[in-house]
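User: I should like to understand the terms used to describe a protein structure. Please explain how each term follows from the values.

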Amino acid sequence: MEKQKICIIGGGLTGLITAITLSKLNLKVDLITGNINQYIKSNRTIAISQNNYDFLKKLKIFKFSKKEFWPCSKMKLYTEAKKKEFTEIFELNRDKKQKKQILYMMENSIIAKYLIRNIKKKNIISLKTHKKISGIIPSGLLKSVKFKSKDNSKYNLIIICTGSNSHLVKTLFNDQSFEYSYGEVSITTTVKHSFIKNNVARQIFLNNEILALLPISNTKTSIVWSVKKDIVNKYKNKNNLFLKKRIKFYTKYFLKKVKFVTGIEYKNLNLLIRKKYYQDRVLLFGDALHVVHPLAGQGFNMVLRDLASLERILKNKINLGLDIGGSEILSEVSNETQPRNFIYSLGIDFLKNCFSFQKKSLKDFRNKIITTLNKNNFVKDILFNLADKGFKF
Ligand SMILES: Cc1cc2nc3c(=O)[nH]c(=O)nc-3n(C[C@H](O)[C@H](O)[C@H](O)COP(=O)(O)OP(=O)(O)OC[C@H]3O[C@@H](n4cnc5c(N)ncnc54)[C@H](O)[C@@H]3O)c2cc1C
């Protein structure tokens with residue numbers, strides 16, 4: 001029997017990893033990317049959970065050295081106390097018995113390079129770079145894609161991984177989504193510092209801002225700082241001196257001799273929840289499907305959980321000789337992933353709102369709850385499992 005054909009659109013981390021994962025099934029995979037260099041130049045980093053690290057391990061594409069995945073055995077949360085001092089309110093430790101880390105940090109550029117190299121080397125995925133898809137059109141019972149003109153390939157299934165701001169998704173899915181802006185921008189950069197045993201991920205809840213210090217080696221730490229848009233607009237300039245000064249001020253409590261080794265990147269922060277996951281042989285995936293605030297470091301973790309579900313469902317259907325683009329199959333994927341993504345996204349949004357309280361009484365009440373939870377190991381285990389594996393139902 002002829003192999004079924006799948007087309008993956010988008011060369012971000014979602015598109016790359018989805019193409020590699022599904023190429024291991026009995027399928028023909030085409031990957032069509034826009035500008036693939038965007039990632040290689042980025043300074044962004046991503047924290048992934050132990051469970052997702054184990055999922056990636058099964059793909060056998062990385063060496064799994066500390067250069068690719070830097071382990072963090074602790075996570076500490078702080079609030080800003082009086083006189084610009086920080087108070088530690090929560091600590092989560094790795095599970096020593098089960099050898100589980102709290103998280104692993106990966107640099108988007110390093111991971112993207114590995115994935116692209118793997119795709120080019122193995123030759124099992126047909127890679128079309130620097131192409132922008134402008135539409136998806138029917139081709140008999142199957143689907144084709146359109147660049148400037150129609151492409152002749154016919155696909156059983158098209159997976160759109162074109163990110164949260166894609167014109168293609170907006171036209172095809174008629175913008176059926178719930179979306180709102182946090183009125184914030186994420187500022188990301190990487191700093192070099194004196195050698196330390198750098199295995200603690202730190203998150204500081206400042207007044208209306210969140211600053212994360214995420215280790216990527218013993219001498220390098222990634223900074224992710226969410227700041228109100230008006231502040232960024234006021235101080236963003238060519239040298240970003242004011243913003244850099246503030247980063248130095250906050251990091252000096254934990255890191256010594258800080259130097260900026262990359263530029264600063266900015267990204268508007270939104271919440272996006274799609275109502276519809278699929279339509280006629282087309283499935284949405286990655287940031288095209290859901291976007292959450294980075295405070296919980298869960299956006300890509302949600303994508304990897306979706307991918308594990310998709311891989312398992314498609315594998316079963318291919319073994320049964322079924323058409324993988326059939327609406328019952330896409331509905332099964334959607335039924336499994338949509339409810340848990342919905343609750344997870346709302347949960348992260350709730351957390352974000354709790355950390356945006358302005359009233360002192362509400363802040364004190366929130367901090368009291370967190371310090372109480374910090375003493376309860378049972379609750380901590382639940383939180384660890386939720387961050388590690390997401391919701392299972
Ligand atoms: C500051 C910040 C910190 C984060 N930290 C974490 C974290 O710690 N942990 C975590 O799990 N997640 C994190 N995330 C989320 C994570 O970065 C994203 O979920 C992840 O990068 C997935 O992106 P994507 O590939 O779906 O979309 P994108 O990165 O937007 O990629 C989309 C790609 O599609 C291409 N494209 C668009 N239109 C077309 C077209 N018509 N034809 C062809 N190609 C097209 C684009 O060129 C682009 O390459 C963070 C996000 C931010 C902003």
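Analyst: The questions below concern a predicted model, beginning with its domains and ending with its helices.

User: Into which domains is the chain divided, and how far apart are their centres?

Analyst: The chain is divided into domain 1 (4-64 + 106-179 + 271-389) and domain 2 (71-104 + 183-269). Taken over C-alpha atoms, the centres of domain 1 and domain 2 are separated by 25 Å.

User: What makes residues of domain 1 and domain 2 count as being in contact?

Analyst: Two residues are in contact if their C-beta atoms, placed from the backbone, lie within 7 Å. On that basis, 24 residues of domain 1 are in contact with 27 residues of domain 2. On the side of domain 1 that touches domain 2, two or more residues are given by each of β3 (45-48), α3 (50-58), β7 (103-107), α10 (360-374) and α11 (377-389). The largest share there, four residues, comes from α10. By class, this side of domain 1 has 10 nonpolar, 11 polar and three charged residues.

User: How do you know where the ligand lies with respect to domain 1 and domain 2?

Analyst: Both domain 1 and domain 2 give residues to the shell around the ligand, so the ligand lies between them. There are 35 residues around the ligand, and those that come nearest are Gly12, Gly34, Gly163, Gly286 and Gly299. At least two residues of the shell are supplied by each of α1 (13-23), β3, β12 (177-192) and α8 (299-319). The largest share of the shell, four residues, comes from α8. The shell comprises 13 nonpolar, 19 polar and three charged residues.

User: Why are α1 and α8 called roughly parallel?

Analyst: The axes of α1 and α8 cross at roughly 25° and come within 11 Å. Angles under 35 degrees count as roughly parallel, and α1 and α8 are therefore described as roughly parallel to each other. The crossing in which α1 passes α8 is right-handed. In this contact, α1 contributes Leu13, Thr14, Ile17, Thr18, Thr21 and Leu22, while α8 contributes Phe300, Val303, Leu307, Glu311 and Leu314. Seven of the residues in the contact of α1 with α8 are nonpolar, three are polar and one is charged.

User: What values describe the packing of α1 and α4, and which residues meet there?

Analyst: The axes of α1 and helix α4 (residues 108-122) come within 10 Å and cross at roughly 35°. The crossing of α1 and α4 is left-handed. From α1, Leu13, Leu16, Ile17, Ala19 and Ile20 meet Asn108, Ile111, Ala112, Leu115, Ile116, Asn118 and Ile119 of α4. This contact of α1 with α4 holds 10 nonpolar and two polar residues, and no charged residues.

User: How do you know whether α8 and α9 are roughly parallel or roughly antiparallel?

Analyst: The axes of α8 and helix α9 (residues 327-354) are 10 Å apart, and the helices pack at an angle of about 160°. Angles over 145 degrees count as roughly antiparallel, and α8 and α9 are therefore roughly antiparallel to each other. The crossing of α8 and α9 is right-handed. The residues Met302, Asp306, Ser309, Leu310, Ile313 and Lys317 in α8 meet Ile329, Glu332, Val333, Glu336, Thr337, Asn341 and Tyr344 in α9. The contact of α8 with α9 is made up of six nonpolar, three polar and four charged residues.

Definitions and conventions
Residues are numbered from 1 along each chain as its sequence is written. This is a predicted model: local features need pLDDT of at least 70, side-chain atom pairs count only at pLDDT 80 or more; totals for chains, interfaces and linings use all residues. Domain bounds come from an automatic or database domain assignment. Ala, Val, Leu, Ile, Met, Phe, Trp, Tyr, Cys and Pro count as nonpolar, Asp, Glu, Lys and Arg as charged, and the others, Gly among them, as polar. A residue is near a molecule or strand if its C-beta atom, placed from the backbone, lies within 6 Å of it. Axes are lines fitted to C-alpha atoms, for helices over the stretch in contact, and angles run from 0 to 180 degrees between N-to-C directions. Angles under 35 degrees count as roughly parallel, over 145 as roughly antiparallel, 65 to 115 as roughly perpendicular and the rest as oblique. A crossing is left-handed if the near helix is turned anticlockwise from the far one by less than a right angle, and right-handed if clockwise.
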